Amino acid sequence: MSKIGRHRAILSNSGDAALSSGKVASSAKYIASGDIDEGLLDESSNDNIAESSEEETETRHACTSCTEEYPLSDLFQTECAHNYCRECIVQLFENSLTNESLYPPRCCRQPIRASPAVEDMIGIEMTKRFKERKIEISDSERTYCSNKTCSRYIPPHNIRRGVGICQFCTDRTCTGCKKQGHRGDCNYGKAKKQRIAGDDEKANDELLEKLAKKKKWQRCPRCSRMIERVSGCKHIR
């Protein structure tokens with residue numbers, strides 16, 4: 001069979017899909033006129049082979065959590081070099097928002113920071129909730145809405161003069177007794193602060209006594225202050 005016959009057979013077998021390529025269609029015109037550009041056909045075949053090879057050899061990595069494989073561009077890599085797909089990284093952050101013991105999300109015991117790459121994965125809304133949760137957890141004197149049907153956290157910037165205003169239901173809550181907002185000073189709040197101060201003072205005294213025993217310090221019989229002998233007689237009077 002001549003070269004023209006072979007090329008015509010190739011085009012006939014490839015069907016409409018092959019003719020959809022601009023380069024192959026151009027080659028078909030040359031064949032119809034009897035003027036074949038073999039270089040053009042070879043170039044078209046090489047391009048198709050290269051595209052197919054590129055798709056087959058695309059690098060894919062397994063998600064550390066679900067073990068499914070994804071292109072590297074669809075994964076988030078932690079500082080410990082583990083990869084997470086979008087669905088799994090979203091689940092990690094969602095769990096940290098509902099369970100304080102899981103906040104912040106971790107991998108290899110290292111916190112996963114809300115970096116721009118993470119924010120792209122989890123979205124704007126979850127990023128906002130994550131930052132609000134950080135404020136709540138770092139608050140040592142948390143106040144929650146006294147409305148039992150709400151019970152939302154009241155951040156410090158919504159508290160004025162010992163009364164917090166819920167940004168969801170607008171109810172007022174006393175930061176001292178944690179009950180519905182009321183006028184005047186909160187006696188419970190004052191007593192609580194005094195009790196905490198007393199407990200701290202007692203704890204400090206106990207630590208001082210332990211340290212004095214270890215260092216062999218003694219108290220002055222007149223002022224009861226803890227003193228240390230630097231030089232002179234070993235008998236303190």
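The following exchange examines helix H5 and its salt bridges in a predicted model.

User: What makes helix H5 count as bent rather than straight?

Analyst: Helix H5 covers residues 116–137, which is 22 residues. A straight helix of that kind would reach 32 Å at 1.5 Å a residue, but the end C-alpha atoms of H5 are only 22 Å apart. A kink of about 115° is centred on Gly123.

User: Why is Arg133 called buried?

Analyst: Buried means under 20% relative accessible area. Arg133 has a relative accessible area of 12%, and therefore Arg133 is buried. Glu136 also counts as buried, at 12% relative accessibility.

User: How do you know that Glu136 and Arg133 form a salt bridge?

Analyst: The cut-off is 4 Å between a side-chain nitrogen of Lys or Arg and a carboxyl oxygen of Asp or Glu. The closest N and O atoms of Glu136 and Arg133 are 3.1 Å apart, so the pair qualifies. The two residues are three places apart in H5, about one helical turn.

User: Why is Ile135 called partly exposed?

Analyst: Partly exposed lies between the limits of 20% and 50%. Ile135 has 40% relative accessibility, so this residue of helix H5 is partly exposed.

User: What makes the pair Glu94 and Arg129 a salt bridge, and which parts does the pair tie together?

Analyst: The closest N and O atoms of Glu94 and Arg129 are 3.3 Å apart, and the limit is 4 Å, so the pair counts as a salt bridge. Glu94 lies in helix H4 and Arg129 in helix H5, so the pair ties together parts that are 35 residues apart in sequence.

How values were computed: Residues numbered from 1 in each chain as written. Predicted model: local features only at pLDDT ≥ 70, side-chain atom pairs only at ≥ 80, totals over all residues. Heavy atoms only, no water. Helix = DSSP H or I, 4+ residues; strand = E, 2+ residues; numbered from the N terminus. Expected span 1.5 Å × (residues − 1). Bend = angle between axes of the 7 residues up to and from the residue. Buried < 20%, exposed > 50% of the residue type's maximum accessible area, 1.4 Å probe, protein only.
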